[in-house]
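Biologist: Before planning anything at the bench, I would like to go through this model with you. Please show it first, and then I will ask about it piece by piece.

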Amino acid sequence: MKVKDVMHKGVDWVSPDTPVTEIAKLMRKHDIGAIPIGENDRLIGMVTDRDIVCQGLAQGGFNAARSTAREVMTPGIHCCREDDDLAKAVRHMEQLQVRRLPVINKSKRMVGILALGDISHSAPTDLLSACVKSVSAHHH
């Protein structure tokens, strides 16, 4: 099974100057919890729903109406390729302790996002349960 078989397609990255409120709307519209951030045609980070809460709302003086992706994003990006083996991508997520990975094609264009939630619908159970246990344990 390949990454492209289970990824969210058509999720695009946004610029670091995108307002946090806009990112929240995109998350709701696409039913995803993470939006990749790109600048000068390169992925530079990720904003997750958790980032908005922990880096944003939980900080004193945070103004959601005036804040941008750059202020709440987690810099540095890890990704996988659409033709990667799904098991390999899941192991990669496990090592990184992440629930979502942007997916790129051969020409390094972003083509989607791989989320643990998507994998759970289609991956072999044993592969997934180990990863979910590992990644979930990290968040307690």
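**Questions on the predicted model**

Modeller: Asp84 is a buried residue, its relative accessible area being 14%. Keep in mind that this is a predicted model.

Biologist: Where does Asp84 lie, and which residues is Asp84 in contact with beyond its neighbours within four places in sequence?

Modeller: Asp84 sits in the loop that runs between E5 and H4. Buried means under 20% relative accessible area, and Asp84 has 14%, so Asp84 is buried. Leaving aside neighbours within four places in sequence, the residues in contact with Asp84 are Met1, Lys2 and Val3.

Biologist: Which side chain meets that of Asp84 in a salt bridge?

Modeller: Side chains of opposite charge can pair when their charged atoms come close. In this salt bridge the N to O distance is 3.6 Å. One partner, Asp84, is buried, whereas the other is partly exposed at 46% relative accessibility. That other partner is Lys88.

Biologist: How many salt bridges does the structure hold, and which residues are linked in a network of them?

Modeller: The structure holds 4 salt bridges. In one of them Arg70 pairs with Asp17, with the closest N and O atoms 3.5 Å apart. In another, Glu39 pairs with Arg70, and there the closest N and O atoms are 3.1 Å apart. The network therefore consists of linked salt bridges, and its residues are Asp17, Glu39 and Arg70.

Biologist: How many residues apart in sequence are the parts tied together by Arg70 and Asp17?

Modeller: Arg70 belongs to helix H3, while Asp17 is in the loop between E1 and H1. Because they sit in these separate parts, the pair ties together stretches whose separation in sequence is 53 residues.

Biologist: And how many residues apart are Glu39 and Arg70?

Modeller: Glu39 is in strand E2 and Arg70 in helix H3, so this pair too links distant parts of the chain. Glu39 is partly exposed at 28% relative accessible area, and Arg70 is partly exposed at 41%. Their separation in sequence is 31 residues.

Biologist: Which residues touch the most other members of the largest nonpolar core?

Modeller: In soluble globular proteins, nonpolar side chains tend to be buried together. The largest nonpolar core here has 18 residues. Helix H1, strand E2, strand E3, helix H3 and strand E7 each supply at least two of them. The residues touching the most other members are Ile23, Met27, Ile35, Ile37, Val47 and Ile52.

Biologist: What is the bridge partner of Ile35 in E3?

Modeller: E2 and E3 pair in the antiparallel sense over 6 bridges. They form a hairpin with 2 residues between them, and Asn40 in the turn has a positive phi of about 50°. Of the 6 residues of E2, 5 are buried. Ile35 touches residues including Asp12, Ile23 and Met46, and its bridge partner in E3 is Val47.

Biologist: Is Ile77 buried, exposed or partly exposed?

Modeller: Ile77 is found in the loop between strand E4 and E5. C-alpha to C-alpha, Ile77 and Ile44 are 5.9 Å apart in space, although 33 residues separate them in sequence. Not counting residues up to four places away in sequence, Ile77 touches Leu43, Ile44, Gly45, Met46 and Pro102. At 25% relative accessibility, Ile77 is partly exposed.

Biologist: Which strands are the edge strands of the open sheet?

Modeller: The open sheet has 4 strands in the order E1-E7-E6-E5, with mixed pairing. E5 and strand E6 run parallel and are joined by 2 bridges, with Arg81 standing opposite Ile104 in E6. Each edge strand pairs on one side only, and these are strand E1 and strand E5.

Biologist: Within what arc do the buried residues of H4 fall?

Modeller: H4 lies across E5, E6 and E7, at about 135° to E6. The buried residues of H4 are Leu86, Ala87, Ala89, Val90 and Met93. They line one face of the helix, because seen down the axis of H4 they fall within an arc of 160°.

Biologist: What about the arc for the buried residues of H2?

Modeller: In H2 the buried residues are Asp51, Ile52 and Gly56. Their cover includes H1, E3, H3 and E4. They too line one face of their helix, since seen down the axis of H2 they fall within an arc of 100°.

Notes:
Residues are numbered from 1 along each chain as its sequence is written. This is a predicted model: local features need pLDDT of at least 70, side-chain atom pairs count only at pLDDT 80 or more; totals for chains, interfaces and linings use all residues. Side-chain values use heavy atoms; hydrogens and water are left out. A nonpolar core is a set of buried Ala, Val, Leu, Ile, Met, Phe, Trp, Tyr and Cys residues joined through side-chain atoms within 4.5 Å. Buried means under 20% relative accessible area, exposed over 50%, partly exposed in between (1.4 Å probe, protein chains only). Contact means heavy atoms within 4.5 Å. Two strands pair if DSSP finds at least two bridges between them. Axes are lines fitted to C-alpha atoms, for helices over the stretch in contact, and angles run from 0 to 180 degrees between N-to-C directions. The arc is that of the directions from the helix axis to the C-beta atoms.
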